[in-house]
Amino acid sequence: KEEVSSFIAAEKLMQKFTDPELGKHYASASFKLKAVLKGDDKDWLNNIESHILMQPTTRLFNENAPNTLALLFKSIAQKTQITMLYKASDAENAMSRTIEPVGVFHDNDKWYVLGYCHLRNDYRQFRTDRIQELHLTTEPFTKKHQPLETYLQKDKDKRRTTQVKILVDKKIVKHLDYEKNYHGFVSAEDVGDALEMTFHSSNIEDGFSRWYLMFGDYATIIEPESLKIRVLELMEQMRSRIKLSHSGMTLQTV
């Protein structure tokens, strides 16, 4: 029965984290497994299956390219190139790219594909929800690629990081558990009613500073000084926007 329960958990996770095509294939395989279960195991399954729900938290794929993962898997397995229409976060328009996918990975609630990009002549990461179109070609890979982990490790090694230390009230520490590793969490040390948390951040300017503002009323920045300055800048920008919107509301009321 414990193994039967694992079917349910896996199927629900597939519904949440994969695209429709892979989900459909998994459902088909799961149906075949269920068909050979003993009667009491089937009853066990039916009794709890409708009482488990996985709620998606973010959009993983563009609505115009819903079967992105399935096509990427085929490309990797067959070693054939793909063409895609991709819109980067800082771009106004989507661009056509031809890539040789090395692998896919899931990180911080998003799917990514790492591949050799023929436009840039280098390895690049692409977020699947920014892929607006995707097509599998018959063109073979032009290079022999290393395992995915090799490129991910190189990318980590290239990033320059800054040590950050903050003193956080223990009352809210548990609320930071989900995102702290994403921001380079290293260690934590008890200091009375607070924790001194150390991070190696690769993006103080926008990433860490904006995250800190979410709980800054319960935390103190120990180092670096540049983080304090950046947080104050962001707070001043927020203050100016709020004052401006408040002035506009006052004028409309008058």
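1. The open sheet. In this predicted model, five strands make up an open sheet whose order is β4-β3-β2-β1-β5, and the pairing is antiparallel. The edges are taken by β4, which covers residues 122–127, and by β5, which covers 131–140, each of them pairing on one side only. From one strand to the next, the twist averages 45°.

2. The pairing of β1 with β5. Strand β1, made of residues 80–86, pairs with the edge strand β5 in the antiparallel sense, and six bridges connect the two. A useful landmark for following this pairing in the viewer is I82, which stands opposite L136 in β5.

3. The helix on the sheet. Helix α4, residues 68–78, packs on the sheet and touches β1, β2 (95–107), β3 (110–117) and β5. The direction of the helix makes about 95° with that of β2.

4. Residue T68. Is T68, a residue of helix α4, buried or exposed? Its relative accessibility is 1%, and because the limit for a buried residue is under 20%, T68 counts as buried. The side chain of T68 reaches the backbone oxygen of A65 at a distance of 2.7 Å. When neighbours within four places in sequence are left aside, T68 is in contact with D19, F61, T128, I131 and L134; of these partners, I131 and L134 can be located in the edge strand β5, which runs over 131–140.

5. Two residues with positive phi. K79, which lies in the loop between α4 and β1, has a phi near 55°, a positive value in a residue other than glycine. N121, found in the loop between β3 and β4, likewise has a positive phi of about 55° although it is not a glycine. As to the surroundings of these residues, K79 has a relative accessible area of 52% and N121 one of 55%; because exposed means over 50%, K79 is classed as exposed, and N121 is classed as exposed too.

6. A cis peptide bond. Which two residues does a cis peptide bond join? The bond lies between E223 and P224, with omega at about 0°. P224 has its place in the loop between β9, residues 219–223, and α9, residues 225–253, and a colleague inspecting the backbone can therefore find E223 within the range given for β9.

Note on methods: Residues numbered from 1 in each chain as written. Predicted model: local features only at pLDDT ≥ 70, side-chain atom pairs only at ≥ 80, totals over all residues. Heavy atoms only, no water. Pairing = 2+ DSSP bridges. Helix = DSSP H or I, 4+ residues; strand = E, 2+ residues; numbered from the N terminus. Axes fitted to C-alpha atoms, helices over the stretch in contact; angles between N-to-C directions. Contact = heavy atoms within 4.5 Å. Buried < 20%, exposed > 50% of the residue type's maximum accessible area, 1.4 Å probe, protein only. Polar contact = N/O pair within 3.5 Å; in protein donor to acceptor, adjacent residues only side chain to side chain.
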